[in-house]
Amino acid sequence: MSEDNINHPRLVLIFSGKRKSGKDYVTDALKDKLGEKAVILRLSGPLKELYAKNNGLDFSELLSPGAYKEKYRNDMVRWSEAIRNEDYTYFCSASIKKYEADKFPVWIVSDARRLTDLKFFRENYGDRIRTIRISASEDVRKKRGWVYTEGVDDQETECGLDSVQNWDFRIENNGEQSGDELIEPFLQLASS
């Protein structure tokens with residue numbers, strides 16, 4: 001790590017929410033405003049990349065929200081759980097490396113899903129983290145294309161953080177506020 005990067009990250013914003021709650025919308029808007037001082041860490045990025053490589057699949061299609069990803073979702077979850085059971089830090093650490101996060105003062109974790117994700121960042125970055133839970137009503141999520149899927153929406157990947165009560169911030173993303181309004185508190189944190 002270069003001397004310039006010794007204090008990185010200065011801030012780690014950890015976002016969590018259900019499918020179609022708007023995690024990518026909010027985190028992409030935040031990254032756009034913060035520009036080169038921030039990086040988005042998609043914890044699922046290295047997971048999907050390794051799974052695609054091991055199974056001869058199209059990595060870019062696994063990243064997109066569509067039928068291709070859904071076709072492999074259950075097997076991918078089982079495979080990743082086996083890795084996590086051996087080392088819960090594996091995908092968080094791989095994400096930091098993949099996105100060269102040490103070069104950036106602000107990290108935006110776009111898709112925390114498990115208690116072990118929070119544990120990793122708390123253990124390693126302590127008071128530099130802020131946790132954010134994004135929610136949207138079922139009606140709004142349905143309008144965005146969400147359909148309840150047994151074996152997906154009732155699994156740890158979607159419910160693993162439902163029991164957490166001590167979020168630093170909670171966002172209701174039902175379309176009543178603009179993206180700029182939703183991200184304003186985090187822009188202020190990144191500027192302080």
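## Serine 80 and its helix

Serine 80 is buried, with a relative accessibility of 2%. Buried means under 20% relative accessible area, exposed means over 50%, and partly exposed is in between (1.4 Å probe, protein chains only). Serine 80 sits in helix H4, residues 67–86. Helices (H or I, at least four residues) and strands (E, at least two) are DSSP runs, numbered from the N terminus. This is a predicted model: local features need pLDDT of at least 70, side-chain atom pairs count only at pLDDT 80 or more, and totals for chains, interfaces and linings use all residues. Residues are numbered from 1 along each chain as its sequence is written, and side-chain values use heavy atoms, with hydrogens and water left out.

What does serine 80 touch, not counting residues up to four places away in sequence? Leu47 and Phe91. Contact here means heavy atoms within 4.5 Å. A polar atom of the serine 80 side chain also lies 3.0 Å from the backbone oxygen of valine 77. A polar contact is a pair of N or O atoms within 3.5 Å; within protein, one must be able to donate a hydrogen and the other to accept it, and residues adjacent in sequence count only if both atoms are side-chain atoms. From C-alpha to C-alpha, serine 80 and alanine 52 are 12 Å apart in space and 28 residues apart in sequence.

Tyrosine 72 lies in H4 too. Tyrosine 72 is buried, at 18% relative accessible area. With residues up to four places away in sequence not counted, tyrosine 72 touches Tyr51, Leu57 and Leu62. Its C-alpha is separated by 23 Å from that of leucine 161, 89 residues apart along the chain.

## Nonpolar cores

A nonpolar core is a set of buried Ala, Val, Leu, Ile, Met, Phe, Trp, Tyr and Cys residues joined through side-chain atoms within 4.5 Å. The largest one has 20 residues. Val12, Ile14, Ile96, Trp107, Phe121 and Tyr125 have the most contacts inside this core. Two or more residues each come from strand E1 (11–17), strand E2 (38–41), helix H5 (90–98), E3 and H6. H6 gives the most, with 4 residues. Another core lies apart from this one. That second core has 19 residues, among them Leu11, Ile40, Ile108 and Leu187. In soluble globular proteins, nonpolar side chains tend to be buried together.

Isoleucine 14 is in contact with Val109, Ala112, Leu118, Phe121, Ile129, Arg130, Thr131 and Ile132, leaving aside neighbours within four places in sequence.

## Serines in loops

Serine 110 lies in the loop between strand E3 (106–109) and helix H6 (115–125). Is serine 110 buried or exposed? Serine 110 counts as buried because its relative accessibility is 1%. Residues up to four places away in sequence aside, serine 110 touches Phe15, Lys23, Asp24, Thr27, Ile40, Leu41 and Arg42.

Serine 178 occupies the loop between strand E5 (169–172) and helix H9 (179–191). Serine 178 is partly exposed, at 34% relative accessible area. Serine 178 and serine 95 are 29 Å apart in space, C-alpha to C-alpha, and 83 residues apart in sequence.

## Positive phi angles

Most residues other than glycine have a negative phi. Lysine 20 has a positive phi, near 65 degrees. Lysine 20 lies in the loop between E1 and helix H1 (23–34). Lysine 20 is partly exposed, with a relative accessible area of 33%.

Glutamate 100 has a positive phi of about 50 degrees. Glutamate 100 lies in the loop between H5 and E3. Glutamate 100 is partly exposed, with a relative accessible area of 45%.

## The cavity

On a 1 Å grid over the protein atoms alone, a cavity is a set of points where a 1.4 Å probe fits but cannot get out; lining residues have an atom within 4 Å of a point. Grid points are joined across faces, edges and corners, and a volume is the space filled by probe spheres set on the points. By this rule there is 1 cavity of 30 Å³ or more. The largest cavity has a volume of about 50 Å³.

Its lining residues include Ser16, Gly17, Ala112, Arg113, Arg133 and Asp162. E1 and helix H8 (156–159) each supply at least two lining residues. H8 gives the most, with 4 residues. The lining divides into 3 nonpolar, 4 polar and 5 charged residues. Ala, Val, Leu, Ile, Met, Phe, Trp, Tyr, Cys and Pro count as nonpolar, Asp, Glu, Lys and Arg as charged, and the others, Gly among them, as polar.

How values were computed:
1 Å grid on protein atoms, 1.4 Å probe; cavity = no way out; pocket = protein on both sides within 12 Å on 5 of 7 lines; lining within 4 Å.
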